[in-house]
Amino acid sequence: MTSIPTERRVSSERASLDKRDLRRSFLDNLLYVQGKFPKLATHTDYYLALAYTVRDRLMQRWISTASAYTDQASRTVCYLSAEFLMGPHLGNNLINLGIYDEAAAMVRELGLKLEDLLYQEEEPGLGNGGLGRLAACFIDSLATLEVPALGYGIRYEYGIFHQTLVDGWQVEKTDKWLRYGNPWELARPEWTVEIRYGGHTEQYTDDQQRLRVRWVPARVVMGVPHDTPILGYHVNTANTLRLWKAEAPESFDFGQFNRGDYAGAVTQKIVSENLSKVLYPNDEQEAGKELRLQQQFFFVSASLQDMLRILKVQGVPVTSFAEKFAVQLNDTHPAIGVAELMRLLIDEELVTWDQAWEITCQSFGYTNHTLMPEALERWSLPLFQRVLPRHLEIIYEINARFLDLARLRFFGDEQRLARLSLIDESGPRYVRMANLACVGSHAINGVADLHSELLKQDVLKDFYELWPEKFSNKTNGVTPRRWIVLANPRLTKLISESIGDGWIKNLDLLRDMEPLADDAGFREKWRAVKREGKVDLSNHFRRRLGISTDPDSMFDVQVKRIHEYKRQHLAALHIIAQYCRIKANPNIEVVPRTFLFGGKAAPGYFMAKLMIKLITAIGDVVNTDPAVRDRLKVVFVPNFSVTNGQRIDPAADLSEQISTAGKEASGTGNMKFQMNGALTIGTMDGANIEIQQEVGAENFFQFGLSTPEVYALGASGYRPMEYYRRSDALREVIDLIASGYFSRGDSTLFKPLVDNLLYHDPYMLLADFDSYLACQDTVSAAYSDADNWSRMSVLNSARSGKFSSDRTIAQYCSEIWSTQRVPIHLLTQEDVESSFR
């Protein structure tokens, strides 16, 4: 790990980074915060004592940052996201403070292991997949680049769910990540805001005889901010992640209680707190849809009201909102912000419509994260009217003015106007949130070159032809601090000893490793690091899952949200094909592989759950068949998370990025694996294309249809049964599943999945199967040459610089947000005292 920057050592004991002062603080927090002494203390007590010790070191930087931003009224990025998949904080903060080794040595002197304490941290359950993890990487990079920023979201009490496997089926359990509290956050009840729902609107005339609208809500909920410091790497900047908790205005009705209605006395509390109870409620039912819309409005309204409060504190006029804040919408979940900012400006701040609209459009930027039409959120008009009546009026007005403009541009093209409209009137009427985001934002971006082009050609084509200047690409990235330095300390040490540690803040410097790919001694060290990572993961599987894996086998990994377009079942078909080869010839030469899967299926997504069952069922057979002789092993890692990702990424040999071309917006798991030296097998989809461009086609295993070929095949009438009939290997695999071989003779269990592939196959698995199988044979041949595989692995890592989130954020700052870095100077105790005078 890297050492403490000398300029950041400070004299105050409570903020000191010296090992002796860390020890004193640790013991103080154990005694005075946890109220324990060593004979009674648990590992959780020790973790919390260390967490509070580290938080003390963050506080000086956090307060210094807030003071500088307030004094300078700094232009600030406000990142609105329904998810922030942060991962555990302790290890990351130790890395960014530069005291990881000092903390490890300090607790070791007390007879403890830092690894044991890190393991105690409950992972914040504030996200599901790439969207939330991207947001977390972005706020890490914003702080590291010293850019003023606020992350805004929801403080979900229970997160998404804790995934367990029962007889191979996903079972969702409550994710109690707050069971021991959260040492990293501070509640800010003094900044609580009111959030309104339902009711009706009334027109009135103000003092200047102007017609105004008043929203009379049926229900009010309080939004209470909880702040977490987000420290940059080896800088003094600590930005804020502000998450909102829902509370009732009155949590206890004494009158009802005294009348004997004990349940009714707390009804308002229960109903209100449901808003921040769980991430993504199952929205198959109308009640779930309503709760989800209420959740989105809850955090967006609270955040925008908070921004207006900040303006008043800093003495900035409300008409300068767009100069003060760059507000980024992370997908369509916060798109209601366009209508809410308009409401706040015209109804509360009494700004004219035209000026309010100019402010709104200048403030918002919209990042689209999907090419799947069904993922572009929309809300039925009756639901929207019931929950947000004033906002529907505003959206109608926005739409009327927008369509007037569009008619001039697309004269006589009524079909195009119908597609552009904020209201879908093709059947039951809906509010289109992506359209609202496009109309109300000054910038629209995709998250990979291909994705951005497909937005312009297909999903948002009409908006692109209206406003081409709004569109740009910002290829996603991930933070190397968490995904290399923290996740893979051995690799960090090897790289830094070879080329210095400047790459941690400038990942492009990894290119300096390229000549080392031809150094036999370096390749040997690289292989040793990779194997040690695989041994660590194998030991973890043995301890936690009771599964034995061979670290000398190829670790073939696909860990991500379970979805048909991501095609985990294509990888499953390949495993069965390999198994069939072994059964046909038990002595066949096979490169040993450990197939690792992980990811959660949405609770209401039956086909995704059936895919998990298929994978685990294959494992039940393959892992116990004597003919296999452990040459194949299938492992499904339950409850995949950031923590599990940090264990798996350093151990991966092969990264499976096999989505149907044209369906994945970008992907970020592909980048994490590449940074850690895994080779990619993938389609030309999302950021895979750019990874191949960076590493070279000879260091990437490409297969499958291209996006134009997928579109053409779909347009000509794709018939999956034809692929089944003409491919012997595919037919053998499908028939084996259909026969009940992997379901104890039950031929009906996987029938929905088999029938879907044979008669529909919307994501063209069967069309890509033979190509995938041939490519996997190429992978096996390449892995058999260990030395050349190591060379390819080094080059993959050396050429991963483009995929740092620091690069992505720098592009957002210069091309969309127009923000500048604000270096932070630490406040001393004397500075604080002088502010009282």
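**A walk through the model, starting from one strand**

Let's start with a pair of residues: Y79 has Q328 in β11 as its bridge partner. Before I go on, please keep in mind that this is a predicted model.

So where does that pair sit? Y79 belongs to strand β1, residues 76–80. This strand runs parallel to β11, residues 325–330, and 5 bridges link the two. Strand β1 also pairs with β2, residues 149–154, again in parallel, through 4 bridges. On that side you can look for C78, which stands opposite L150 in β2. As background, strands in a sheet pair through backbone hydrogen bonds, and they can do that either parallel or antiparallel.

How many of the residues of β1 are buried? The count is 5 of 5, and the strand is mostly covered. In a regular strand, side chains alternate between the two faces of the sheet. Here T76, C78 and L80 point one way, while V77 and Y79 point the other way, and all are buried.

Okay, on to the other sheet I wanted to show you. It's an open one with 6 strands, and the order is β20-β19-β18-β21-β22-β23, with parallel pairing. At the edges are β20, residues 632–637, and β23, residues 701–702, and each of those pairs on one side only. Inside the sheet, β18 (residues 554–559) and β19 (residues 593–598) run parallel and are joined by 6 bridges. If you want a spot to click on, V557 is opposite L596 in β19.

Which helices pack on this sheet? One of them is α21, residues 520–544, which touches β18, β19 and β20, and its direction makes about 65 degrees with that of β18. Another is α22, residues 568–584, also touching β18, β19 and β20, with its direction at about 155 degrees to that of β19.

Now a couple of backbone oddities. Most residues other than glycine have a negative phi. R567, in the loop between β18 and α22, has a positive phi of about 65 degrees although it is not a glycine. R629 has a positive phi too, near 55 degrees, and you'll find R629 in the loop between α23 (606–622) and β20.

Are these two arginines buried or exposed? R567 is buried, since its relative accessible area is 0% and the cut-off for buried is under 20%. R629 comes out at 47% relative accessibility, so R629 counts as partly exposed.

Next, a helix pair. Helix α1 (residues 19–33) and helix α4 (residues 100–109) have axes that come within 9 Å and cross at roughly 55 degrees. That angle makes them oblique to each other, and the crossing is right-handed. On the α1 side, K19, L22, R23 and F26 make the contact, and on the α4 side, E102, A103, A105, M106 and E109. Sorted by class, that contact has 5 nonpolar and 4 charged residues, with no polar ones.

Last stop: D283, in the loop between α8 (267–273) and α9 (286–313). With a relative accessible area of 29%, D283 is partly exposed. Leaving aside residues up to four places away in sequence, D283 touches G288, K289 and R292. And for a sense of distance, D283 and G35 are 248 residues apart along the chain, with 43 Å between their C-alpha atoms.

That's my tour.

Technical notes
Residues numbered from 1 in each chain as written. Predicted model: local features only at pLDDT ≥ 70, side-chain atom pairs only at ≥ 80, totals over all residues. Heavy atoms only, no water. Axes fitted to C-alpha atoms, helices over the stretch in contact; angles between N-to-C directions. Parallel < 35°, antiparallel > 145°, perpendicular 65-115°, else oblique. Left-handed = near helix turned anticlockwise from the far one by under 90°. Contact = heavy atoms within 4.5 Å. Nonpolar A, V, L, I, M, F, W, Y, C, P; charged D, E, K, R; others polar. Buried < 20%, exposed > 50% of the residue type's maximum accessible area, 1.4 Å probe, protein only. Pairing = 2+ DSSP bridges.
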